[in-house]
Structure formats: structure tokens, C-alpha cells
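Open the model in your viewer and keep the selection panel at hand. Take the stops in order.

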Amino acid sequence: MVELDYDIVIVGGGGAGLYAALWAAENTILKVAVITKVYPTRSHTGAAEGGINAVLTHSVGDSPEAHAYDTVKGSDFLADQDAVDIMCKMGAAVIYDIAHRGVPFSRRPDGRIAQRPFGGASFPRTCYAADKTGFYILQTLYEQCLKNNVTFFNEWFLLSIIHNGEKIEGITVWDIRNGGVHLIKTKAVILATGGHARVYWNRTSNALGNTGDGTAAALRAGLPLKDMEFIQFHPTGLAKTGILVTEGARGEGGYLRNKDGERFMKRYAPEKMELAPRDIVARAIQTEIDEGRGCGPNGDYICLDLTHLGEEKINERLPQTREHAILYEGVDPVKEPIPIAPTAHYSMGGIDADKLGRTPIKGLYAAGECACISVHGANRLGGNSLLDVLVYGRLTALEAVKYADEASETKPSAAKAKDDEKRILELMEASGKEKLADLRKELGNTMMKHFGVFREEKTMKEGLEKLMEIRERAKHVKVYDTSKKFNTDLVTVLEFLNLVDLAPTIAIPAIERKESRGAHARKDYPKRDDKNFLKHSVVKLKDDGSYELSWKPVTITKFPPEERKY
Amino acid sequence: METAILQVFRYDPEKDQAPYYKEYEVPVEGTLLNALLYIKDNLDSTLTFRAFCRSEVCGSCSVKVNGKTKLACKTPMKELVETWKGKPLRIEPLNHMKVIKDLVVDIDKPIEKMKTLIPWLVPDPRVVPTDPMHESIIYPEEMEAYKDQIHCMLCFSCYSACEAVADNDRYRGPFAFSKAYRFQVDRRDIETAKEKRIRYAISGGLWSCVQCQKCIYVCPKGVKPAEDIQNLRGQAVKKGFTDKPGARKLKHFVDWIYATGQINRLYLPEEVYGNKEAREKLTKAYTEMGVEVWEVPKPTKGLMKFRDIYLEILSKEDKALDLDFSHVRKIDRMVSEIFKADICTIVDRTHEEGRSSKGLISKLKGLLGGK
């Protein structure tokens with residue numbers, strides 16, 4: 001076991017982690033390190049396509065207030081409005097900052113950053129770089145981190161968070177490349193480990209590793225998780241693989257059609273049509289499929305029609321969409337509509353953090369998709385996640401710097417690291433009745449079937465039982481690869497166990513939230529119920545391994561709840 | 001269901017004395033990455049490879065298939081089976097990097113190499129506002145200059161395929177030069193950084209590239225490192241970094257072609273490597289073999305016109321400044337001494353003699369679009 005000593009440790013090397021590292025590196029002489037289970041540029045921020053929302057100085061007629069209102073309305077009034085206010089006001093500052101660092105934003109003919117319309121937005125305020133916005137941001141942030149000599153520990157996997165009930169003391173990690181548990185003593189930790197939509201293993205737009213590692217570690221360390229029942233289903237995942245087709249495809253004028261060729265969105269959101277928020281479009285598509293108006297021999301998908309945009313516009317604005325449709329679906333969008341269906345995409349819920357990204361444990365922060373601030377409430381608007389990632393990467397970095405500057409040395413005990421070592425050894429020596437791939441598939445199917453786009457008390461309760469059964473069986477999953485070095489068999493099992501721990505935190509509040517709000521759509525309670533449920537759900541893991549649900553008020557400042565119509 | 005055989009490279013340095021190949025039968029469905037995941041899920045969970053996004057943006061899963069570098073998630077199994085017509089598909093780790101385990105290689109070294117070329121923007125405060133609320137204006141057309149290079153996702157396919165990396169450990173690798181070049185053509189990047197990048201590129205093997213173009217061929221994202229390397233070389237010469245053999249060879253080509261219409265093999269060793277004896281030895285050897293030796297080619301009819309057209313081509317490629325007129329005048333003087341007349345007189349004389357270089361001129365005109 002190696003022991004390391006840092007002042008600030010950032011876990012995760014995606015957009016939030018890198019931007020935090022950059023702002024920490026530029027604003028302190030403290031020792032900062034980034035730990036990531038992959039190389040930073042592999043992170044899933046790179047797959048964000050459509051863009052990043054911000055009101056810029058030249059956005060005539062738009063304002064941060066309008067952006068905040070759209071965000072709150074999109075969230076179905078569950079977002080905390082003080083946090084939304086901070087995020088929307090910082091929009092221009094982070095956009096200009098990353099543009100100055102080299103992000104090649106698409107430009108208007110006059111040289112200013114171009115913006116396009118996006119779902120649920122009252123103005124075209126989504127800045128973009130072709131359809132690879134996240135990719136360019138991630139690459140640029142990595143370049144800038146190299147420039148600032150940021151210390152990276154690549155291919156290190158977070159195991160446990162160590163705190164004394166009041167403040168953070170350190171973390172333990174598994175060194176994938178060399179094998180072995182390390183204990184890192186640190187004054188501050190920023191969790192930027194991304195989302196957990198891989199819990200829907202068989203139908204998701206997420207990368208193979210979006211397994212909520214930081215969220216699960218926080219849960220096991222006794223931290224509260226907030227609003228976990230809200231999982232965003234992206235309306236347009238490729239039919240065969242769930243791989244994402246950007247909302248930009250509809251932003252640029254794409255149509256959704258059912259098997260009769262009808263632009264059915266006119267029945268669901270007559271004004272916004274295809275550009276209604278994601279939850280509404282996803283439900284519309286699912287309804288069309290469920291009611292027998294889906295396309296294809298099995299009627300299990302809907303058509304995203306871009307053919308009328310013409311080859312030139314598709315090549316210029318949506319080159320990656322075209323490439324992916326050809327490669328993974330065998331369809332050229334210039335000639336034919338793309339088969340799509342909803343796909344699990346984004347975790348609105350996550351580690352409970354306040355408007356500055358602080359968790360209840362001092363010195364422990366959360367930023368990006370693993371956090372629930374909450375700026376997205378019950379449904380995130382397209383283009384707001386990259387903004388969230390940058391704003392909170394930066395804010396948590398500044399908070400962590402301030403805190404670590406004054407904090408005293410910590411003394412984490414080595415007990416946790418020893419426990420983790422034992423746990424890993426046990427996995428390799430387990431009897432192994434259960435096979436990872438099968439159980440993981442079962443988990444994914446259970447989540448999709450019982451906690452999918454539409455939910456209902458009876459099926460959810462059955463689902464929760466199944467999840468608990470899977471959790472029990474997961475104890476008998478065997479790691480077949482017994483080598484120390486680069487044991488991806490072990491890592492995938494650890495990832496799976498994280499998903500297994502997280503699944504009930506989605507299921508339990510989903511059952512108890514007896515209303516429909518944002519992405520949480522219940523057939524048995526189709527209406528929003530502000531009187532009883534305008535509140536955040538909070539789930540904790542108790543020492544005996546059971547889950548505890550409580551509720552917490554929503555911060556409402558400027559925008560009182562109103563009916564959400566598009 | 002149609003299946004195919006993958007022969008996968010296996011090597012665990014902890015356990016295996018030597019690498020070996022293991023065969024797996026996989027469905028011909030989806031991509032090569034799907035096949036590898038199929039093996040891991042169903043046949044052998046110890047198989048080790050990197051993969052993450054599965055949609056060709058993260059660059060994790062490059063491997064070799066029957067010697068050719070491929071991004072696994074971008075390679076349909078059907079295509080592989082059709083290309084190799086039933087032959088087994090041998091899946092191996094990338095070249096030029098240490099194998100950590102099975103298909104996983106150590107990519108730290110190429111990243112460290114890239115880092116030496118300043119692959120980040122060093123903003124020029126006269127162009128990029130220091131006020132964070134002030135936008136820097138960039139016109140869409142100026143972004144054309146680096147529209148390909150920004151697609152590099154560090155998959156190291158080009159690094160694996162590169163001939164120069166194979167020969168020269170110091171060589172930074174094709175992608176690293178493309179990452180560097182992206183900032184060389186960005187107006188916002190400060191001049192001092194651009195000069196440094198050139199200097200570091202030269203010590204990182206800029207002139208070692210043999211222009212085999214494999215990097216262009218294997219790049220899954222349409223980046224063209226070999227072209228970027230040529231452009232970096234051009235910038236190096238323009239910035240006065242001419243003391244490397246590669247730069248001197250380029251200078252020899254440009255100057256001699258302008259002066260005489262062709263390169264001069266007799267003077268090449270001397271001008272590029274400072275080998276003064278080579279010319280005498282070559283002359284002697286040729287004479288002994290009975291081969292007629294021209295120290296300089298006799299100027300042909302139309303040489304002056306040729307020079308105009310050649311200069312026009314260089315100007316179009318923004319390389320006119322590569323031409324060193326003092327060197328050209330030196331060559332002219334040499335020609336005058338040998339043919340006992342100034343260059344114009346000789347050309348006029350060949351006109352009278354009726355010797356022609358029509359072929360050459362029409363060829364050049366073709367290059368210029370028939371003007």
C-alpha cells in the first residue's frame with residue numbers, strides 16, 4: 001500500500017474535473033492532483049455533442065433571467081432557484097474563458113460565437129462547435145492542464161471516501177495499471193465522477209464506464225443522495241445501440257415522424273413541436289411506440305427525418321450524426337430517416353450539494369453530473385449540462401482552494417484501505433455462482449422495464465424486489481482474472497457493484513414520489529402535485545445496509561411554480 | 001448466425017513467458033469492439049483491452065487487425081470479414097509502445113513526447129482579450145486553417161503506424177506534430193510560442209519524417225499529419241531554421257529547380273551534408289564508366305518562362321520566400337563560367353539552335369490549370 005499526500009484531490013478527469021484542476025492550478029500553490037479511471041480525454045464529456053447554453057453579450061433580447069426561467073420551468077420547478085441563478089449568470093464568463101483558451105466554437109460571419117435553438121429554450125442561446133462541442137471542450141481543457149503541469153494519476157479507480165463525520169480526510173484508490181490499493185491523504189476532495197445512467201445497461205447513450213463510482217462511494221460513506229429518481233431519457237438514441245443522436249439534429253430542423261409519416265409532436269407540444277424539452281419528447285415517442293404507431297417491422301422505433309435539410313447542411317452542422325447513423329444504424333440521414341428511440345442519458349440526481357457544490361462533509365465537494373446541486377431539478381435542458389460542468393468545476397475549485405488553504409493536516413486511518421484490500425481479495429477468491437455479464441444484463445433490464453420512461457406503483461414495487469435480489473446475488477459475482485496488473489475484469493465488477501448499490505436509490509424515491517414531474521412520469525399519478533411533492537428526495541445508506549428516504553425543501557426565489565406547457 | 005475467428009494477442013508479463021494468440025469465435029455483428037466485448041462477457045473475462053465511449057470520440061480502442069491499425073468501435077465486423085475473406089483476424093496491440101497486458105499498451109510516452117511541442121494555445125494579449133467578459137472575435141474562415149487538426153483524439157493509431165517512430169525513438173510522432181501545427185496557424189497564438197514550437201519540433205525529429213503518408217491513411221478522424229509536417233517544415237525554413245540537412249535539401253530543390261529546371265545530384269551531397277569530396281568522386285566514377293558528366297545542366301529554351309511559372313506556383317502555395325535568390329545568382333554565375341556567357345545569352349542561343357523545353361512548360365501549365 002502506497003500513501004500519498006495532497007492538498008486537493010479531484011476525482012474524475014472529464015469536463016468538471018479538468019476545469020476544476022485548471023482553476024485550482026492557476027489559483028493556488030497547494031498540491032493538486034487529478035485521479036481518473038481512464039485517461040482524461042477518454043471521459044464522457046467528449047461525447048456531448050449539441051452545445052452549451054449561455055447568454056452572451058451579443059445575445060440581443062435574451063437575459064440570464066430568461067435563461068434561469070427556462071431552466072426552472074424545464075426542471076418542472078424542482079431546481080433550486082438560487083443555484084440556477086448563479087449558473088445562468090456565470091454563463092458568459094465560462095464561455096469566454098474557454099474560448100480564450102482555444103475551444104473552437106462555431107462562429108457567426110461577424111466573428112462572434114454562434115448560437116442555435118435548443119429544446120425548452122426561449123432564445124437561441126446554445127453555443128456550439130459543430131456537433132462535437134464536448135469533445136473540443138475536453139481536448140482544450142486537457143491541453144490547458146498540460147500547460148499548467150497538473151498532476152494526473154491516470155487509470156486509478158476510486159474505492160472509498162474517508163471522513164470523520166465532520167470533515168474529509170482522504171480517499172482510497174485502486175491503481176489499475178500496477179494493481180494495489182493506495183491511501184491518499186488530502187484536505188479537500190472534489191468528486192467529478194460523472195453520471196450513472198449505465199444502470200440501464202442495455203439501453204443507454206452512456207459510455208461503458210458511466211457507472212456512478214463517486215456517487216456510490218459517497219453513498220457508502222454515509223453521504224445523502226438527492227433526487228435520484230430523476231433519470232433523463234434522451235428522446236433520440238439510435239434504435240440498435242442507444243448511441244446518442246444530438247438534440248442539435250432537431251435544433252437544426254429535423255422532424256420526428258411515426259409510421260404514418262405524421263409529425264406527431266403537434267399532438268404533444270403544438271408550439272415547440274420537436275424542440276419541446278427532452279422529457280416531453282421522450283414520452284411522446286414512447287407513447288407512439290406503445291400505442292402501435294412505431295416504425296419498422298416490430299414497431300419499436302420512431303423516425304428522425306433530416307432528409308429535407310439537404311446534404312450540405314447535414315455535413316456542415318451535423319457531420320458526426322451522419323457518420324454515426326451510417327456506421328451504427330446503416331442509414332444515411334441524407335437519404336433516409338434515422339430510426340431512434342429513447343435512451344437512458346443523464347442523471348439529474350446525485351450527491352447532495354449546495355449552491356456552491358459543498359456537501360454536508362467539510363472539504364468534500366461535488367461537481368458535474370455526479371452532483372445534485374440542483375440546477376436541473378426533475379428534467380435537465382439540453383445544453384445545460386456542459387454549463388453545469390464548467391460553472392461547478394470552477395466554483396468547487398475556488399471553494400476547495402479557500403478551504404484547503406486554511407484546513408489543518410488530516411490523519412486518515414489506514415483501516416479503510418486495509419478493508420478495501422480485503423474486499424478486492426475476496427472478490428477474486430469468491431465461490432462465483434454468478435456471472436457478471438448476465439447479472440448486469442438483468443439489472444439493466446429490470447431498470448428499463450420497471451423504472452423506464454413511464455412508471456407505475458405495482459411494477460415499480462416488483463422492480464425494487466428484483467433489485468434487492470440482484471443486490472444479494474451480486475455478492476457472489478466472481479472475478480476470474482486473478483492478476484494484479486490491469487485487471488479489467490476486477491474493475492468492471494467494481495463498477496457493477498457501484499451500480500447495484502445505486503439502483504435502489506433510484507427505485508425507492510421513484511415509488512414514494514406519487515406524482516409526475518419532469519422525467520419522473522407515473523401512469524398512476526399523471527399530474528404534478530406541488531402540495532405534497534414540491535420537495536427533494538434524499539436517500540442515505542444506513543450502517544445495516546438498508547436505505548433511508550427523507551425529503552428536503554426546494555429553494556424558490558423568483559419563479560413560483562406554474563403549469564408547464566410548451 | 002454468421003461467425004468469425006479472432007486470433008487475439010495475449011500477454012500478461014506477470015504470468016506469461018512470451019506472448020501467444022488465443023482463438024475466439026465471435027458473431028459477425030456490429031463492430032470489432034462489439035466482438036471484443038462479446039468475448040469478455042461470454043467467453044473469457046480475462047481478455048484485456050481499453051474501451052469507453054463505443055462511438056468513436058474517446059480514442060481508447062485502437063488495435064491492429066492483421067497488421068492494419070483500426071479503431072475497434074469504428075470497424076464493422078462485416079467489413080473485416082469481407083476484406084479478409086474468411087481468413088482468421090489477428091488482433092494485436094499497437095506498435096512502438098510497451099505492452100502492459102494483452103491489447104493494452106503504455107501511452108504515457110507518446111503523451112510526454114507531445115507535451116514537448118507545446119500543444120496548447122499561448123494567447124497573444126494583443127489578440128485575445130485579458131478581460132474575461134470580452135469576446136475575442138474569430139472569423140469562420142480563419143478556422144479553416146485548423147479544421148482537421150482539432151479532430152485528433154489521441155488514439156495513437158498514427159504513432160503505431162509511423163515509420164519514423166520505428167527508426168528514431170526521439171521522433172515525436174505524427175499526431176504530436178498535428179497538435180502543434182494546429183496552434184501554428186491560429187492567429188491568437190503568440191509569435192514567441194510559434195518560434196519555440198518550431199525549434200522543439202526540429203529537435204523532436206521534424207526532418208525525420210519520410211513522408212510515407214501512413215499516418216494519413218490510418219487516422220480514423222481525417223487528420224493529415226504528414227501534410228502538417230510538410231507545412232511545419234516550410235515554417236521552419238521561413239523562420240530561418242535552415243541548418244538541418246532536411247532544410248538544406250529543401251533549399252537545394254527549390255533553388256536548383258528554379259535556376260536550372262532540375263535538381264543537381266552532383267552538388268546535393270555538398271549542399272546538404274557538407275560533403276565536398278562527393279562531387280569529385282562522382283565525376284571521376286562517371287567519367288571512368290564513360291558517362292558524360294554535366295556539372296550543371298545546359299540552360300534550355302524557355303528557361304526564363306519556366307522560372308516565371310515556377311515562381312507563380314511557389315507564390316500560390318505561399319512558398320515564394322523559400323527561394324534564395326543569392327543562391328540562384330551563384331548558380332547562374334557557375335553556369336555563365338562553364339558556358340562562357342551570361343545566362344540570358346545562353347538561353348537566347350539555345351533559342352536560335354531550336355532546342356526546346358516545351359514538354360516541361362506544358363506540364364507546368366497543366367499544374368496551374370491550363371493558363
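The tour starts with chain A as a whole, then visits one of its sheets, then moves to chain B.

This is a predicted model: local features need pLDDT of at least 70, side-chain atom pairs count only at pLDDT 80 or more, and totals for chains, interfaces and linings use all residues. Residues are numbered from 1 along each chain as its sequence is written, while chains are lettered from A and ligands numbered from 1 in the order in which they are written.

**Stop 1: chain A, whole**

Select chain A and colour by secondary structure. You get 16 helices and 21 strands (DSSP runs numbered from the N terminus: helices are H or I with at least four residues, strands are E with at least two). The radius of gyration is 22 Å, close to the 24 Å of the globule rule for 566 residues, so chain A is as compact as a globular protein of that length. That radius is taken over C-alpha atoms, and the rule is 2.2 Å times the number of residues to the power 0.38.

Along the principal axes, the C-alpha atoms of chain A fill a box of roughly 65 × 55 × 50 Å. Of the 566 residues, 63% are buried (20 or more other C-beta atoms within 10 Å of a residue's own, with C-beta atoms placed from the backbone). Next, consider contacts (C-beta atoms, placed from the backbone, within 7 Å). Among those in chain A between residues at least 6 apart in sequence, 75% join residues at least 24 apart.

**Stop 2: a sheet in chain A**

Select 52–53 and 115–116 of chain A, which are β3 and β4. Add β5(A), residues 126–127. Together they form an open antiparallel sheet in the order β3-β5-β4. β3 and β4 of chain A are the edges, each with a single partner strand, so one side of each has no neighbour in the sheet. Two bridges pair β3(A) with β5(A); pairing requires at least two DSSP bridges. Zoom to I52(A): its bridge partner is C127(A).

**Stop 3: β5 of chain B**

Select 89–92 of chain B. This is β5(B), joined to the parallel strand β1(B), residues 3–10, by three bridges. L6(B) stands opposite L89(B). Now add 62–65: β3(B) pairs with β5(B) in the antiparallel sense over two bridges. There, K64(B) stands opposite E92(B).

**Stop 4: helix α1 of chain B**

Select 32–43 of chain B. What span should its 12 residues have? At 1.5 Å a residue, 16 Å; the end C-alpha atoms are 15 Å apart, which agrees. The expected span is 1.5 Å times one less than the number of residues. Buried residues of α1(B) include L33(B), N34(B) and K40(B). Their cover includes β1, β2 (20–27), β3, β4 (68–71) and α2 (77–84) of chain B.

Terms used:
A residue is buried if 20 or more other C-beta atoms lie within 10 Å of its own, exposed if 12 or fewer, and partly exposed in between; C-beta atoms are placed from the backbone. Two residues are in contact if their C-beta atoms, placed from the backbone, lie within 7 Å.
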